[in-house]
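Hi everyone, thanks for making time today. Let me put the structure up on the screen, and then we can walk through a few spots together.

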Amino acid sequence: MQSRMNNIVAVLPEVMGALQALQGAAQKTGLPEKTANLVHLRASQINGCGFCVDLHPRMMKKAGESDRRIFSVAAWREAPFYTDAERAALALTEALTRIADREEPVPDAVWNEAARHYDEKTLAALVVEIAAINVWNRFNVATRQVAGEWNP
C-alpha cells in the first residue's frame, strides 16, 4: 500500500497546530481520557480509517486500557466492559459520525443520555473530541494514509 500523498499535517503544518489546540481545549475539561480514547477508536472504525484503527488501540494500551475493552469497542452494546457514561459517549459518537444516515442525526434520546452523564463543559468536550477524530479520519482516508506508518 502507498499513500496518495504526504499526511495533510505534514503538508500544512498549521493544521496540526489548529487540531492540537482544538483537542487541547477539550482535554482541559475533565472529560476522562479513557472516554476520549474510546470515542476516537469507535469513530475511526466507523469511518474505515486504518491509520487510526491501528494507532488508537496502541495508544490506549500504553495508557493502561485492557485488551477486552479495546477489542470489543465495535460491539460495545453487547459487551459488559463499559460504564453507562462511556456507553452514552459511544452512542453519541456513532450518531455524530453517521450524521447523514438518519432523518434526525442526533436523536434526543442519545443527546439526553449523554447530557445525563456529562455536565455542559464535558459534553462540549465530548462533541469536540468526536468532531476532531472525524476530521483526522477524513484526512487519512482521503489521502490513504497507511496503517502503521506513524510507528515504523
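Met 5 is partly exposed, because its relative accessible area is 39% and partly exposed covers the range between 20% and 50%. Keep in mind as we go that this is a predicted model. You can find Met 5 in the segment before α1, the helix that covers 8–11. What does Met 5 form on the surface with Val 11 and Leu 12? The answer is a nonpolar patch, and together these residues have about 250 Å² of accessible area.

Let's stay in the segment before α1, since Asn 7 is found there too. Is Asn 7 buried or exposed? Asn 7 counts as buried, because its relative accessibility is 16% and the cut-off for buried is under 20%. And which residues does Asn 7 touch, once we leave aside its neighbours within four places in sequence? Those contacts are with Asn 140 and Gln 145.

Asn 140 gives us a nice way over to helix α8, which spans residues 120–143. A search of the whole structure turns up one aromatic pair. The partners are Trp 136 and Phe 139, arranged edge-to-face, with 6.3 Å from centre to centre and 80° between the planes. That angle counts as edge-to-face because the cut-off is over 60 degrees. Both residues sit in helix α8, and because they are three residues apart, about one helical turn separates them. Trp 136 also counts as buried, with a relative accessibility of 15%.

That's my tour, and I'm happy to go back to any of these spots.

Notes: Residues numbered from 1 in each chain as written. Predicted model: local features only at pLDDT ≥ 70, side-chain atom pairs only at ≥ 80, totals over all residues. Heavy atoms only, no water. Phe/Tyr/Trp six-rings, centres within 6.5 Å; stacked < 30°, edge-to-face > 60°. Helix = DSSP H or I, 4+ residues; strand = E, 2+ residues; numbered from the N terminus. Buried < 20%, exposed > 50% of the residue type's maximum accessible area, 1.4 Å probe, protein only. Patch = residues over 30% accessible without salt bridge, like charges linked within 9 Å, V, L, I, M, F, W, Y side chains within 5 Å. Areas by Shrake-Rupley, 256 points an atom, 1.4 Å probe, with all protein chains shown as cover. Salt bridge = Lys/Arg side-chain N within 4 Å of Asp/Glu carboxyl O. Contact = heavy atoms within 4.5 Å.
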